[in-house]
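Colleague: I would like to go through this model with you, starting with the rings and then moving to the sheet. Please keep the answers short.

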Amino acid sequence: MTEILLQAQNLSRHFRLAGPWGRGPALQAVDGVSFTLPAGETLGLVGESGCGKSTLGRLVMALLAPTRGEVRFQGEDLHRLPKARLKEARKKLQIIFQDPYSSLNPRMTVGQILAEPYVIHGMGTRGKRREWAAQLLHEVGLSPEHLDRYPHEFSGGQRQRIGIARALALKPLLVVADEPVSALDVSIQAQILNLLAELQARHGLTYLFISHDLSVISRISTRIAVMYVGRLMELASREVFDTARLHPYTEALLAAVPLPDPDRAFNPPALKGEPPSPLAIPSGCPFHPRCPEAQFPVCRDVVPDYRETAPGHWVACHFR
């Protein structure tokens, strides 16, 4: 049986905003999210901008504290660990950021950037750290001669390779990839995705891969989770998404992906309205104001259960 590396249970994060007379309304960035991530798999997290994907990634990394719920990594609740044990656990949890330009310190050389994780954790001598940094560059397809250069001397794809090398420094088990290719050209995106797949096979990595691009998610993921205003709408294997997806929101997202066929008309179904504000999430099913299959009053008044309709296939819909 495959080891469950990560488990999120009823995970929520609400941000209390400041109002003119003190505390204002609560922004529900993540609300009641549950999933498991077996070792060696890639869980793709997809949804529209502002749906809470990056906040969920930061909760998994213990960079944010949850309002409620828990994140268990190798059986331990990360948010209840003492500081010393959490620091040790962080070696096994790393993140690749979206922007390869702002995520690297422009005043540090590549060698210093890659050696920083070792400095923080007190590992190795200065010479050994430089040797390890050179090995990391080789892992991601760059040359050791780049160690003494600064980030501004590299292209966007090369910078993202450096960011990936930094994430690998402490030999992590889980890597949260927060839209790691969205800022890159399409041809460079393919190179980075291939690199991530190679590294996963070589080192047995587990990925939580966050993106709003379904074509990217479908290419790299073992399972796919669809998120809408802080909640999971559907979760299933990649194969199930190709043949037996259930939620109307999932259908709408997939139908909006252009097909590489110039002779085929592209007429995606139009969803009504805009995604709701996380400050004012609709009652009942949060998707009901835009859903072409909504039935009243149940969809408006009753929150659908997030239930397993088939082995490994979870959906939050009253009628699917």
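Colleague: Which residues do ring pairs link into a cluster?

Modeller: This is a predicted model. A search of the whole structure finds 5 aromatic pairs. Ring pairs link three residues into a cluster: Y228, Y249 and F287.

Colleague: What kind of aromatic pair do Y306 and W314 form?

Modeller: A pair of aromatic rings is described by the distance of the centres and the angle of the planes. For Y306 and W314 the centres are 5.5 Å apart and the planes make 25 degrees. Planes under 30 degrees apart count as stacked, so the pair of Y306 and W314 is stacked.

Colleague: Is W314 buried, partly exposed or exposed?

Modeller: Buried means under 20% relative accessible area, and exposed means over 50%. W314 has 31% relative accessibility, so the class is the one in between. Y306, at 26%, counts as partly exposed, and W314 also counts as partly exposed.

Colleague: What is the order of the strands in the open sheet of 8 strands?

Modeller: The pairing in this open sheet is mixed. The order of the strands is β6-β7-β8-β3-β9-β10-β12-β11.

Colleague: Which strands stand at the edges?

Modeller: An edge strand here has a single partner strand, so one side is left without a neighbour in the sheet. The strands at the edges are β6 (93–96) and β11 (306–310).

Colleague: In which sense do β11 and β12 pair, parallel or antiparallel?

Modeller: β11 and β12 form a hairpin with 2 residues between them, and G312 in the turn has a positive phi of about 80 degrees. R307 has V315 of β12 as its bridge partner. Over 4 bridges, the pairing of β11 and β12 is antiparallel.

Colleague: V315 is the bridge partner of which residue when β10 joins β12?

Modeller: β10 (231–237) and β12 (residues 313–316) run antiparallel and are joined by 2 bridges. V315 in β12 is the bridge partner of E234.

Colleague: How many bridges join β7 to β8?

Modeller: β7 (residues 174–178) and β8 (residues 206–211) run parallel. L174 has T206 in β8 as its bridge partner. The number of bridges joining β7 to β8 is 5.

Colleague: Is H121 buried or exposed?

Modeller: H121 sits in the loop between α3 (110–120) and α4 (126–139). Leaving aside neighbours within four places in sequence, H121 is in contact with K87, K91 and L170. The relative accessible area of H121 is 19%, and the cut-off is under 20%, so H121 is buried.

Terms used: Residues are numbered from 1 along each chain as its sequence is written. This is a predicted model: local features need pLDDT of at least 70, side-chain atom pairs count only at pLDDT 80 or more; totals for chains, interfaces and linings use all residues. Side-chain values use heavy atoms; hydrogens and water are left out. Rings of Phe, Tyr and Trp (its six-membered ring) pair if their centres lie within 6.5 Å; planes under 30 degrees apart count as stacked, over 60 as edge-to-face and the rest as tilted. Buried means under 20% relative accessible area, exposed over 50%, partly exposed in between (1.4 Å probe, protein chains only). Contact means heavy atoms within 4.5 Å. Two strands pair if DSSP finds at least two bridges between them. Axes are lines fitted to C-alpha atoms, for helices over the stretch in contact, and angles run from 0 to 180 degrees between N-to-C directions.
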